[in-house]
Amino acid sequence: MITRIRPTTYDDLPEVMEIYAIARDFMCRTGNASQWIEGYPSTAYITEEIGAGHSFVCENQDGELVGTFCFIVGEDPTYKKIYKGEWLNSDLYGTVHRIASAGKEKGVAEACFRWCFEQCRNIRVDTHRDNRVMQQILEKLGFTRCGIIYVSNGTERLAYQKVV
């Protein structure tokens, strides 16, 4: 059970990178082998996110790190243009990126989104077309598929939004 979400510290970095490694392996085993390739996200990238205050960790009741994610309130440059659809609104929003679970607890993604909605009531998120697990989570949580966006490397992502 997730009992606490807090900002990631630099001391958390080795565990966070291990959680991302576990998540990459899980994605490969569930048919999504092309989303986080070549060691993405890198230690340098997550270090930058920690410094910017965008990286968060989830702890269970024993204080173990069981998940991590990125959350940013404000405009995401990759969301400026959406294709084959439209966003639900143009209001201030929060963006969730790189949710990853250590596989020790159920409900990590749901806990992350619940926390994010406490910070901002308008959330956007994107996922890879092959990431069926995340698509199912987003649909279960009531997100609307809004269209397609392209991330900075030019690859396609399915774009979702929910307003509470």
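**Exercise 1.** Which residue stands opposite Arg124 in β5? Describe the surroundings of β5 in this predicted model.

*Solution.*

Step 1. Thr95 is the residue that stands opposite Arg124 of β5. The pairing involved is between strand β4 (residues 94-101) and β5, which run in the parallel sense and share three bridges.

Step 2. The connection from β4 to β5 is then traced. Between these strands the chain passes through helix α3 (residues 108-119), giving a β-α-β crossover that is right-handed.

Step 3. β5 also pairs with strand β7 (residues 156-163), here in the antiparallel sense and over six bridges. In β7, Lys162 stands opposite Ile123.

Step 4. The two faces of β5 are examined in turn. Asn122, Arg124 and Asp126 are buried on one side, and Ile123, Val125 and Thr127 are buried on the other. Because six of the six residues of β5 (residues 122-127) are buried, the strand is largely enclosed by the rest of the structure.

**Exercise 2.** How do helix α1 (residues 13-29) and helix α2 (residues 43-52) pack?

*Solution.*

Step 1. Two packed helices are described by the angle between their axes and the distance between the axes. For α1 and α2, the angle is about 125° and the axes lie 11 Å apart.

Step 2. The angle therefore makes α1 oblique to α2.

Step 3. The crossing in which α1 passes α2 is right-handed.

Step 4. The contributing residues are then assigned to each helix. From α1, the contact is made by Leu13, Val16, Met17 and Tyr20; from α2, by Thr43, Ile46, Thr47 and Ile50.

Terms used
Residues are numbered from 1 along each chain as its sequence is written. This is a predicted model: local features need pLDDT of at least 70, side-chain atom pairs count only at pLDDT 80 or more; totals for chains, interfaces and linings use all residues. Side-chain values use heavy atoms; hydrogens and water are left out. Buried means under 20% relative accessible area, exposed over 50%, partly exposed in between (1.4 Å probe, protein chains only). Helices (H or I, at least four residues) and strands (E, at least two) are DSSP runs, numbered from the N terminus. Two strands pair if DSSP finds at least two bridges between them. A crossover is right-handed if, with the strands pointing away from the viewer, the path from the first strand over the helix to the second runs clockwise. Axes are lines fitted to C-alpha atoms, for helices over the stretch in contact, and angles run from 0 to 180 degrees between N-to-C directions. Angles under 35 degrees count as roughly parallel, over 145 as roughly antiparallel, 65 to 115 as roughly perpendicular and the rest as oblique. A crossing is left-handed if the near helix is turned anticlockwise from the far one by less than a right angle, and right-handed if clockwise. Contact means heavy atoms within 4.5 Å.
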